[in-house]
Amino acid sequence: MSLTEIFTDPLMSKIVIKAIIVGFLVSLCSSLLGVSLVLKRFSMIGDGLSHFGFFAVAIATVTGIFDFTIGGKQFSLALEFEMLVVVIVAIILLRLKNSKTKGDAAIAIFSTAGIALGSIIYNATGNNTMDVCTSLFGSSNIFTISDSDLAFSIVLSVAILIFFVVFYSRIFAVTFDSDFAAATGIKSNFYNTLIAVLTAVTIVLGMKMMGAIMVSGLIIFPALSAMRVCKSFKSVVAVSAVFSVVCFLIGFFIACTLSFQTGPTVVTVDVAAFIIFVAISKIKSKINGKKALKA
């Protein structure tokens with residue numbers, strides 16, 4: 001499919017624009033939340049949540065109990081069910097972070113268990129391997145983006161943007177030192193839980209397009225890349241957001257043009273951009289080092 005075909009066909013352009021809006025908003029939300037998660041050394045929660053989300057998707061897909069018809073119209077609560085499951089897991093992982101089962105071990109447990117259980121469900125019911133591949137790596141078919149995905153994405157992005165603008169100073173404090181933030185009267189547990197819940201919802205929204213394995217890349221790469229070239233928290237957040245959105249758009253159009261799956265294509269673009277940012281960081285370090293020697 002060429003870019004000309006995408007935008008000259010009225011029906012196709014409408015579907016593509018809807019997919020772009022959803023991907024744009026999910027990428028934006030992921031990058032904002034990712035900065036806090038990466039700095040707190042809890043970025044792998046994205047893998048744990050998305051992999052267990054695969055289990056929830058398997059249940060919803062195979063059983064079909066969340067799809068029903070009322071008055072001749074079809075409705076589905078599969079997305080809501082997946083969100084509920086992943087949000088519960090996010091809260092559990094947050095509670096386990098400082099327990100005897102350390103955060104990384106807890107994430108590994110849910111991550112591997114989710115993939116294993118989801119695969120067993122697909123295999124036991126004889127579902128087409130295409131369903132498994134789509135759930136893991138994302139769909140190459142933009143027709144799978146529904147109006148409910150679009151509505152959820154808009155509501156979520158507005159909520160996260162308001163959250164960051166209104167509570168910026170508290171997010172900053174909780175990100176760098178939760179104990180100190182709590183000592184100053186900030187409800188650090190509340191903000192940490194809210195960040196985890198918003199991350200869970202963002203991941204579920206992004207899984208259909210990016211896949212369970214690939215979606216965590218939207219959280220990790222933008223933040224890590226921005227940290228290579230920026231010094232302040234505010235600049236890291238801003239650059240991370242721009243990085244995420246631009247890489248998504250490039251990856252999305254490459255995937256559409258070549259009929260590739262969106263998730264791997266977008267993450268490949270993220271990796272390439274990350275390498276460029278690393279190179280820029282090293283060049284800047286050498287230049288600054290030479291200036292320091294001259295001084």
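Is Ser-153 buried or exposed? Ser-153 is buried, with a relative accessible area of 1%. The legends below start from the whole chain and then visit this serine and several other spots in a predicted model.

**Figure 1. The whole protein, built from 13 helices and two strands.** Let's begin with the overall picture. The protein has 295 residues, and buried residues make up 49% of them. Among contacts with a separation of 6 or more, 77% are between residues 24 or more positions apart. The protein exposes about 14,600 Å², and carbon and sulfur atoms supply 69% of that area.

**Figure 2. Ser-153 in helix α7.** Here is the serine from the opening question. Helix α7 covers residues 147–166, and Ser-153 lies within it. Because its relative accessible area is 1%, under the 20% limit, Ser-153 counts as buried. Leaving aside neighbours within four places in sequence, you will find Ser-153 in contact with Val-22, Leu-25, Val-26 and Leu-205.

**Figure 3. The hairpin formed by β1 and β2.** Strand β1 (residues 67–70) and strand β2 (residues 73–76) run antiparallel and are joined by four bridges. To trace the pairing, look for Asp-67, whose bridge partner in β2 is Ser-76. Ile-70, in turn, stands opposite Lys-73 in β2. Two residues sit between the strands, and Gly-71 in the turn has a positive phi of about 60°.

**Figure 4. The largest nonpolar core, with 90 residues.** In soluble globular proteins, nonpolar side chains tend to be buried together. In this core, Leu-49, Leu-93, Ile-160 and Phe-252 touch the most other members. Helix α2 (residues 10–39) gives the core its largest share, 13 residues. A good place to zoom in is Leu-93: not counting residues up to four places away in sequence, Leu-93 touches Phe-42, Ile-45, Leu-49, Ala-106, Ile-107 and Phe-110.

**Figure 5. An aromatic cluster that includes Phe-163 and Phe-164.** The model holds 17 aromatic pairs. One of them joins Phe-163 and Phe-164 in an edge-to-face arrangement, 6.0 Å centre to centre and with 90° between the planes. Phe-163 and Phe-164 are both buried. Together with Phe-167, Phe-190 and Tyr-191, Phe-163 and Phe-164 form one aromatic cluster.

**Figure 6. Two buried cysteines, Cys-230 and Cys-247.** Which of the usual questions about cysteines can this view settle? How many disulfides does a search of the whole structure find? The search finds zero. Cys-230 has 15% relative accessibility, so Cys-230 counts as buried. Cys-247 is also buried, with a relative accessible area of 5%.

**Figure 7. Ser-285 in helix α13.** Our last stop is another serine. Helix α13 spans residues 262–294 and contains Ser-285. Ser-285 counts as partly exposed because its relative accessibility is 48%, which falls between the 20% and 50% limits. For a distance to check in your viewer, try Ser-285 and Val-229: their C-alpha atoms are separated by 10.0 Å, while the two residues are 56 residues apart along the chain.

How values were computed:
Residues are numbered from 1 along each chain as its sequence is written. This is a predicted model: local features need pLDDT of at least 70, side-chain atom pairs count only at pLDDT 80 or more; totals for chains, interfaces and linings use all residues. Side-chain values use heavy atoms; hydrogens and water are left out. Buried means under 20% relative accessible area, exposed over 50%, partly exposed in between (1.4 Å probe, protein chains only). Contact means heavy atoms within 4.5 Å. Two strands pair if DSSP finds at least two bridges between them. A disulfide is a pair of cysteine sulfur atoms within 2.5 Å. Accessible areas come from the Shrake-Rupley method with a 1.4 Å probe; for residues, only the protein chains shown count as cover. A nonpolar core is a set of buried Ala, Val, Leu, Ile, Met, Phe, Trp, Tyr and Cys residues joined through side-chain atoms within 4.5 Å. Rings of Phe, Tyr and Trp (its six-membered ring) pair if their centres lie within 6.5 Å; planes under 30 degrees apart count as stacked, over 60 as edge-to-face and the rest as tilted.
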